[in-house]
Amino acid sequence: MRILLVEDDRRVAAALSSALTRRGYEVEHAATVAAALCAAPCDLVLLDLTLPDGDGTDLCRELRRRSSHLGIIAVTARGEERDRVLGLRLGADDYVVKPFSMVELQARIEAVLRRATNAAPERHLIEAGSVHIDVPARTVTVDGRAVTLTRKEFDVLLSLARQPGVAVPRDRILLDAWGTTWADRHTVEVHVGSLRGKLGDARLVETVRGVGYRLRHA
């Protein structure tokens with residue numbers, strides 16, 4: 001889960017980056033509009049509206065123009081109603097006024113990521129090697145054999161199958177399957193273990209130490 005943190009105050013940026021990294025996010029910091037526009041693709045942007053080389057509202061508008069599914073949260077000291085309204089009208093999904101708690105920010109991040117995930121177009125059929133998934137029907141076959149999964153097992157598999165061959169962090173799986181990253185991470189391990197047994201080949205779901213899991217696609 002990649003977050004782009006656009007914040008010109010380096011002390012604030014360092015504290016936020018550290019807190020977000022501890023919660024399992026990969027964070028890239030940009031201190032200017034120019035750096036933000038050149039940053040790598042991400043899942044969500046935390047955007048300060050006061051930047052040294054331009055207005056954050058213009059950056060918000062440009063980021064939204066580039067992607068309708070990108071999560072954007074304005075994180076700023078501008079707390080006036082007109083500022084909040086303008087930020088939301090320009091494409092921000094949420095607006096957090098400084099100072100704020102990490103508990104509040106975490107909840108808002110999760111809510112925006114859930115909306116972004118639900119809004120993104122979902123493929124109806126996903127194939128990852130021998131695993132075939134019919135998303136609308138919520139059915140799974142392995143080498144043509146039907147596999148019966150519980151609702152959560154299917155959601156865990158779907159989280160992995162959206163990016164076959166890519167290591168998916170545990171927090172991403174929790175968010176996809178349970179709608180939060182606050183759940184016990186042991187829950188993911190239990191469901192992955194059950195999923196491996198039902199797929200019939202434990203090697204299909206690989207453990208990536210220190211990160212999460214990966215669905216083998218070849």
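In this predicted model, V168 has Y213 in β14 as its bridge partner. That bridge belongs to the antiparallel pairing of β12 with strand β14 (residues 212–215), which runs over two bridges. The two strands are part of a three-stranded open sheet, and a five-stranded open sheet with parallel pairing is also present. The points below cover both sheets, the helices packed on them, the residue D48 and the salt bridges.

**The three-stranded sheet**

- The strand order is β12-β14-β13, with antiparallel pairing.
- β12 (168–169) and β13 (205–208) are the edge strands; each has a single partner strand, so one side of each is left without a neighbour in the sheet.
- Helix α6 lies across β12, β13 and β14, and its direction runs at about 75° to β14.
- Helix α8 packs on the sheet as well, touching β13 and β14, with its direction at about 150° to that of β13.

**Helix α6**

- Helix α6 spans residues 151–161, and 10 of its 11 residues are buried, so the helix is largely enclosed by the rest of the structure.
- The buried residues of α6 are K152, E153, F154, D155, V156, L157, L158, S159, L160 and A161.
- Charged side chains are thus on the buried list, including K152, E153 and D155.
- L158, which lies in α6, has a relative accessible area of 6%; the cut-off for buried is under 20%, so L158 counts as buried.
- L158 and I173 are 15 residues apart in sequence, and their C-alpha atoms are 9.1 Å apart in space.

**A salt bridge between α6 and α8**

- The side chains of K198 and E153 meet in a salt bridge, with an N to O distance of 2.9 Å.
- This pair links distant parts of the chain, as K198 sits in helix α8 (residues 186–199) and E153 in helix α6, 45 residues apart.
- K198 is partly exposed at 30% relative accessibility, whereas E153 is buried at 5%.

**The five-stranded sheet**

- Its strands follow the order β2-β1-β3-β6-β7, and the pairing is parallel.
- The edges are taken by β2 (26–30) and β7 (94–97); each has a single partner strand, so one side of each is left without a neighbour in the sheet.
- From one strand to the next, the twist averages 20°.
- Strand β1 (residues 2–6) pairs with strand β3 (residues 44–47) in the parallel sense over four bridges.
- V6 stands opposite L47 in β3.
- Helix α1 (residues 10–22) packs on this sheet and touches β1, β2 and β3; the direction of α1 makes about 170° with that of β2.

**D48 and its surroundings**

- D48 lies in the loop between β3 and β4.
- The UniProt record, an unreviewed entry, annotates D48 as "modified residue: 4-aspartylphosphate".
- D48 is buried, with a relative accessibility of 5%.
- Leaving out residues up to four places away in sequence, D48 touches V6, E7, D8, G56, V75, T76 and K98.
- One of these contacts, K98, forms a salt bridge with D48, in which the closest N and O atoms are 3.8 Å apart.
- The K98 and D48 pair links distant parts of the chain: K98 is in the loop between β7 and α5 (102–119), D48 is in the loop between β3 and β4 (50–51), and 50 residues separate them.
- K98 is partly exposed, with a relative accessible area of 25%, while D48 is buried.

**Other salt bridges**

- The structure holds 17 salt bridges.
- Side chains of opposite charge can pair when their charged atoms come close.
- R66 forms a salt bridge with E62, with the closest N and O atoms 3.1 Å apart.
- R66 and E62 both lie in helix α3 (residues 56–66), four residues apart, which is about one turn of the helix.
- R66 is partly exposed at a relative accessible area of 48%, and E62 counts as partly exposed at 22%.
- R2, E26 and E28 are linked in a network of salt bridges.

Notes: Residues are numbered from 1 along each chain as its sequence is written. This is a predicted model: local features need pLDDT of at least 70, side-chain atom pairs count only at pLDDT 80 or more; totals for chains, interfaces and linings use all residues. Side-chain values use heavy atoms; hydrogens and water are left out. Buried means under 20% relative accessible area, exposed over 50%, partly exposed in between (1.4 Å probe, protein chains only). Two strands pair if DSSP finds at least two bridges between them. Axes are lines fitted to C-alpha atoms, for helices over the stretch in contact, and angles run from 0 to 180 degrees between N-to-C directions. Contact means heavy atoms within 4.5 Å. A salt bridge is a side-chain nitrogen of Lys or Arg within 4 Å of a carboxyl oxygen of Asp or Glu. UniProt positions are given in the numbering used here, feature names are shortened, and annotations may be inferred rather than shown by experiment.
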